[in-house]
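Please read the following report with the sequence and the three-dimensional structure side by side, and look up each place as it is named.

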Amino acid sequence: MTSQPSIVRLASVSDVSENKPLRLARRVSRMSASAVREILKVTEQPEIISFAGGLPAPELFPVEALAEAHKEVFASEGRSALQYSTSEGWKPLREWVARRSRSRGLRADADNVLITSGSQQGIDLVAKIFLEAGDSVVVENPCYLAALQSFSGYEARLVGVESDDEGMRVEQVERALVESDPKLIYIVSEFSNPKGTSLSHERRARLVELSRRYRVPIVEDDPYSELRYRGEPCAPIASLDGEGLVIYLSTFSKTLSPGMRVGWMVASKELIQTLVIAKQATDLHTSTIQQRAVAKLLETFDYDGHISELNRVYGARCRAMLESLESRFPSGTRWTHPEGGLFLWVELPEVVRGEALLEAALRRKVAFVPGAPFFASDPRHNFIRLNFSNQSPEMIEEGVKRLALTIEEQAS
């Protein structure tokens, strides 16, 4: 008698609950949407005067020079540019970054440089190689929102240190180091996002001293320092480091184009090798075409002259916003006075909540970012962030006028 094959009954669709949720990782519960990205969906409407996003002015993008650089890359090295490449990045571009870094006091050659997909990837890679669930990260309070998102995504505990007009209150950092045993200190050292303030030289030196004493690395995020409109430049924190404890991040997003997504990290060679391995698991390498186009551009393009033009235009827009705030904002408000960057930070009367103010302001066709999401701890709702780089002085004046009227209504 021929044996019959055994029949295994598979569960039918009807056997499985259609409403059973997918089992996402625990860390997803700590992730939240970016308040800035969500607001930008609204502010894409052309009639909105937007002070919301940290957007460079598109009319200042070097479109023709970048188009020519891409054309030259395709003409002379197109097949190589379209191929896979090394995770570290295109060597001529790393060499340019190293030279630029040395001119600012950093100890760097090409092997100290990793090209990233924007400096945001650099933050994520650092978090990836340092943080276990429950580890602490010391941050300035308020802090760059996307850094908070990245650290929270790795289930880190955020330890906020207060700030003032000279940046992070470094005298509070030592207590945080002792009490929290953190893995990292994160800071936007120059023209911070969201406040527009810069860490003073004395505080930079003190922060490096604390990093050495407690052996806690500093992540120095520096996307804005080229954009200075007044005052004297301050040396990067990384230039004060002789022990490989500072991981320096920067980007071409604010000077050439954010759409290209080309940034970089400067760190010790040992740490770069670990970061390279982490990057290989993320995207293999940053766009080869974009890296080569940037490197080709920098061979002949007057990059410093381009930055001077950015500073002329953005400086005028910054002054226009400060003058408009001074003449129109009601009593009970105060704001930072940045020497560069893209933002300033406004404190509102206690009775005014940024979220309600935004809802009312949108009815007047003006937008900004409420301040509460930027706080790592103890969020305060009577703050807002304003961007001045992406509007003309005339539109800045009109937008501030509308916003001032809205604040007066909310405060009454």
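Contact, as the word is used here, means that heavy atoms lie within 4.5 Å. The model is a predicted one, and the text moves from a single loop residue to strands, a helix, the nonpolar cores and some backbone details.

**A glycine in a loop, and the sheet beside it**

Gly 332 has its place in the loop between α10 (303-328) and β10 (334-335). If neighbours within four places in sequence are left aside, Gly 332 is in contact with Glu 347, Leu 348 and Pro 349. Although Gly 332 and Leu 348 are 16 residues apart along the chain, their C-alpha atoms are separated by 6.6 Å. Is Gly 332 buried or exposed? Its relative accessibility is 56%, and because a residue counts as exposed when this value is over 50%, Gly 332 counts as exposed.

Strand β10 belongs to an open sheet of four strands, whose order is β10-β11-β14-β13 and whose pairing is antiparallel. The edge strands of this sheet are β10 and β13 (369-370), each of which pairs on one side only. Between β10 and strand β11 (residues 343-347), which run antiparallel, there are two bridges, and Arg 334 stands opposite Glu 347 in β11. Glu 347 is thus named twice, as it is also one of the residues in contact with Gly 332.

**A strand covered on both faces**

In general, the strands of a sheet pair through backbone hydrogen bonds, and the pairing can be parallel or antiparallel. Strand β9 (residues 263-266) pairs with strand β2 (residues 113-116) in the antiparallel sense over four bridges, and four bridges also join β9 to strand β8 (residues 246-251), again with the strands running antiparallel. Which residue of β9 is the bridge partner of Ile 115? The partner is Trp 264, and Ser 250 likewise stands opposite Trp 264. Both faces of β9 are covered, since Gly 263 and Met 265 on one side and Trp 264 and Val 266 on the other are all buried.

**A helix with a buried side**

Helix α6 (173-180) can be read as having two sides. Its buried residues are Val 173, Ala 176, Leu 177 and Ser 180. These residues cover an arc of only 100° around the axis, which means that they lie on the same side of α6. The face turned away from this buried side carries the exposed residues Arg 175, Val 178 and Glu 179. What covers the buried residues of α6? The covering elements include β3, β4, β5 (167-168), β6 and α7. The residue that follows α6 is Asp 181, whose phi is positive, near 45°.

**Two nonpolar cores**

The largest nonpolar core holds 76 residues, and those touching the most other members are Phe 151, Tyr 186, Tyr 314, Phe 329, Leu 386 and Leu 403. The largest share of this core, eight residues, comes from α10. When residues up to four places away in sequence are not counted, Tyr 314 touches Pro 56, Ala 57, Leu 60, Leu 227, Tyr 229, Leu 342, Phe 388 and Ser 389. Apart from this core lies another, of 42 residues, among them Ala 108, Ile 115, Val 216 and Met 260. Ile 115 has already appeared above, as the residue whose bridge partner in β9 is Trp 264.

**Backbone details in loops**

Some residues deserve a look for the angles of their backbone, and the table gathers them with their loops.

| Place | Backbone feature | Loop |
|---|---|---|
| Asn 141 to Pro 142 | cis peptide bond, omega near 10° | Pro 142: between β3 (136-141) and α5 (145-153) |
| Asn 193 to Pro 194 | cis peptide bond, omega near 25° | Pro 194: between β6 (184-188) and α7 (201-214) |
| Glu 155 | positive phi of about 65° | between α5 and β4 (157-164) |
| Asp 181 | positive phi near 45° | between α6 (173-180) and β6 |

Glu 155 has its positive phi although it is not a glycine, and Asp 181 too is a residue other than glycine. Their surroundings can be described by accessibility: Glu 155 is buried, with a relative accessible area of 16%, whereas Asp 181 is exposed, with a relative accessible area of 63%.

Note on methods: Residues numbered from 1 in each chain as written. Predicted model: local features only at pLDDT ≥ 70, side-chain atom pairs only at ≥ 80, totals over all residues. Heavy atoms only, no water. Buried < 20%, exposed > 50% of the residue type's maximum accessible area, 1.4 Å probe, protein only. Pairing = 2+ DSSP bridges. Arc of directions from axis to C-beta. Core = buried A, V, L, I, M, F, W, Y, C linked by side-chain atoms within 4.5 Å.
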